[in-house]
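These are my notebook entries on one structure. I record below what I looked up, entry by entry.

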Number of protein chains: 2
Amino acid sequence: MQEGGDDIQALIGALARLPGLGPRSARRIVLSLIGRKPGQMAQLSTLMARVAENARPCARCGNVSDSEICEICVDPSRQTGELCVVEDVADLWALERGRAFRGRYHVLGGTLSALDDIGPDDLGIPRLLARIKAEAVTEVILALNATVEGQTTAHYIADALPAQLTITGLAQGVPIGGELDYLDDGTITAALRARRRL
Amino acid sequence: MQEGGDDIQALIGALARLPGLGPRSARRIVLSLIGRKPGQMAQLSTLMARVAENARPCARCGNVSDSEICEICVDPSRQTGELCVVEDVADLWALERGRAFRGRYHVLGGTLSALDDIGPDDLGIPRLLARIKAEAVTEVILALNATVEGQTTAHYIADALPAQLTITGLAQGVPIGGELDYLDDGTITAALRARRRL
């Protein structure tokens with residue numbers, strides 16, 4: 001038999017295609033939702049419909065938002081002249097959780113990739129350059145992932161930026177709580193090169 | 001800032017409470033859904049609303065179904081006189097995936113537990129006994145988990161069943177593909193005791 005009828009089967013199938021889930025975890029989620037207090041699943045469904053209806057990329061920075069311009073871009077206290085360039089929205093959220101950065105963001109939505117045929121125009125780099133000019137940006141922080149693609153993209157953007165801007169990148173080194181014995185050689189070398197006086 | 005507004009935040013929170021998910025995987029799922037083709041998230045929401053509306057336990061066996069009586073219980077070809085007693089719906093689905101059993105099921109919804117104050121009435125064992133009488137059952141297969149609670153419950157049910165019934169349990173032994181070196185002592189002992197002539 002199909003597991004619990006067509007709709008339940010379709011729901012399991014749809015959930016199983018989400019990142020990090022598979023058929024087994026999708027079945028477990030559906031059974032747990034069915035077994036809960038009635039209303040909880042309907043509530044989740046309503047919430048999902050609302051997000052599906054309203055979530056859109058911020059027209060200015062590319063952050064996910066439920067309005068035309070996201071709350072970071074409309075907040076005047078965040079017009080510090082610092083612009084942090086990230087690969088995707090998950091990175092922006094990660095930086096926001098750190099609460100260390102009070103400026104604004106720009107989400108590229110990916111990295112340059114010759115293999116996948118993603119060039120500067122696909123990432124909206126001309127739009128980024130226009131924005132930097134329009135918004136009186138003084139420092140651009142290239143907070144791209146420490147991968148080959150991320151660093152290639154960072155170098156490309158750094159070359160394209162006007163010369164009077166301060167251009168920075170995230171420090172590389174030993175992560176907090178990290179043990180040297182478990183770190184890769186590249187990280188240890190980078191941390192040693194960038195050593196600082198205590 | 002909140003990650004992407006109140007609704008998105010609430011959706012992440014609701015997903016993070018599902019079994020096997022946490023805040024990180026919930027964020028990843030929401031971002032992936034927002035980034036997909038529009039309509040896919042709305043579709044998932046609709047599906048979930050339909051299941052929330054229609055899914056209910058089968059009045060006869062406790063399987064999850066979108067009708068009063070599940071499709072296994074209404075299928076006359078499955079009235080074989082064999083009744084397979086399982087702990088929960090996930091176990092029923094697992095047995096159905098094996099396609100080896102062509103009789104009907106009875107879902108207990110848990111196991112006897114003195115600690116959690118779950119007694120025979122909470123598991124509907126009187127209802128199970130009434131059903132066995134009403135449906136001309138000839139064999140009861142106690143397919144409960146091979147845990148202490150599962151086996152305690154199996155013994156309790158076996159004692160409560162009429163003496164003329166055939167009462168069986170799943171065979172215990174080496175799982176298919178299992179390597180002796182990685183099996184626990186209990187399984188090896190059980191497999192050796194129940195050895196069979198080749």
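**Entry 1: a loop residue of chain A.** I began with A:L18, which is buried because its relative accessible area is 5%, under the 20% cut-off. The model I am reading is a predicted one. I located A:L18 in the loop between α1 (6–16) and α2 (23–35) of chain A. I then listed its contacts, leaving aside neighbours within four places in sequence: A:L18 is in contact with B:I29, B:L33, B:R36 and B:L44.

**Entry 2: the relation of the two chains.** I next asked which rotation superposes chain A on chain B. A rotation of 180° with 0.0 Å of shift along its axis does so, at an RMSD of 0.1 Å. I noted this as the relation of a two-fold axis. In chain A, the C-alpha nearest that axis belongs to A:S45, at 2.3 Å. I also compared the interface residues: 100% of those of chain A are interface residues in chain B too, so the copies meet through the same surface.

**Entry 3: the serine in chain B.** I looked up B:S45 and found it in helix α3 (residues 40–54) of chain B. With a relative accessibility of 4%, B:S45 counts as buried. Residues up to four places away in sequence not being counted, B:S45 touches A:S45, A:M48 and A:A49.

**Entry 4: the sheet of chain A.** I traced four strands that form an open sheet with parallel pairing, in the order β4-β3-β5-β6 (chain A). At its edges stand β4 (104–107) and β6 (166–169) of chain A; each has a single partner strand, so one side of each is left without a neighbour in the sheet. From one strand to the next, the twist averages 25°. I followed one pairing further: strand β3 (residues 82–86) of chain A and β4(A) are parallel and pair over four bridges. There, A:L83 has A:R104 in β4(A) as its bridge partner.

I then checked the helices against this sheet. Helix α5 (residues 89–98) of chain A lies across β3 and β4 of chain A and runs at about 160° to β4(A). Helix α6 (residues 125–134) of chain A lies across β3, β4 and β5 (139–142) of chain A, likewise at about 160° to β4(A).

**Entry 5: salt bridges.** How many salt bridges does the structure hold over all chains? I noted eight. One of them joins the side chains of A:E96 and A:R78, at 2.8 Å from N to O. This pair links distant parts of the chain, 18 residues apart: A:E96 is in helix α5 of chain A, and A:R78 is in the loop between α4 (71–74) and β3 of chain A. A:E96 is buried at a relative accessible area of 7%, and A:R78 counts as buried at 3% relative accessibility.

I also looked up A:R104, which forms a salt bridge with A:E135, the closest N and O atoms being 3.5 Å apart. A:R104 lies in strand β4 of chain A and A:E135 in the loop between α6 and β5 of chain A, so the pair ties together parts that are 31 residues apart in sequence. Both A:R104 and A:E135 are buried.

In chain B, I recorded a salt bridge between the side chains of B:E135 and B:R131, at 2.8 Å from N to O. B:E135 counts as buried at 14% relative accessibility, and B:R131 is buried with a relative accessible area of 7%. In chain A, salt bridges that share partners join A:R104, A:R131 and A:E135 into one network.

**Entry 6: a charged residue without a salt bridge.** I turned to B:D91, which lies in helix α5 (residues 89–98) of chain B. B:D91 is buried yet has no salt bridge. The nearest side chain of opposite charge is that of B:R97, 8.2 Å away; the pair therefore falls outside the 4 Å cut-off for a salt bridge. Not counting residues up to four places away in sequence, B:D91 touches B:V86 and B:N145.

**Entry 7: strand β3 of chain B.** I closed with β3(B), of which four of five residues are buried. β3(B) pairs in the parallel sense with β5(B) over four bridges, where B:E82 has B:E139 as its bridge partner. Four bridges also join β3(B) to β4(B), again parallel, and there the bridge partner of B:V85 is B:H106.

Notes:
Residues are numbered from 1 along each chain as its sequence is written. Chains are lettered from A and ligands numbered from 1 in the order in which they are written. This is a predicted model: local features need pLDDT of at least 70, side-chain atom pairs count only at pLDDT 80 or more; totals for chains, interfaces and linings use all residues. Side-chain values use heavy atoms; hydrogens and water are left out. Copies are superposed by least squares on the C-alpha atoms of residues with pLDDT of at least 70 in both. Contact means heavy atoms within 4.5 Å. Helices (H or I, at least four residues) and strands (E, at least two) are DSSP runs, numbered from the N terminus. Buried means under 20% relative accessible area, exposed over 50%, partly exposed in between (1.4 Å probe, protein chains only). Lys and Arg count as positive and Asp and Glu as negative; His and the chain ends are not counted. Two strands pair if DSSP finds at least two bridges between them. Axes are lines fitted to C-alpha atoms, for helices over the stretch in contact, and angles run from 0 to 180 degrees between N-to-C directions.
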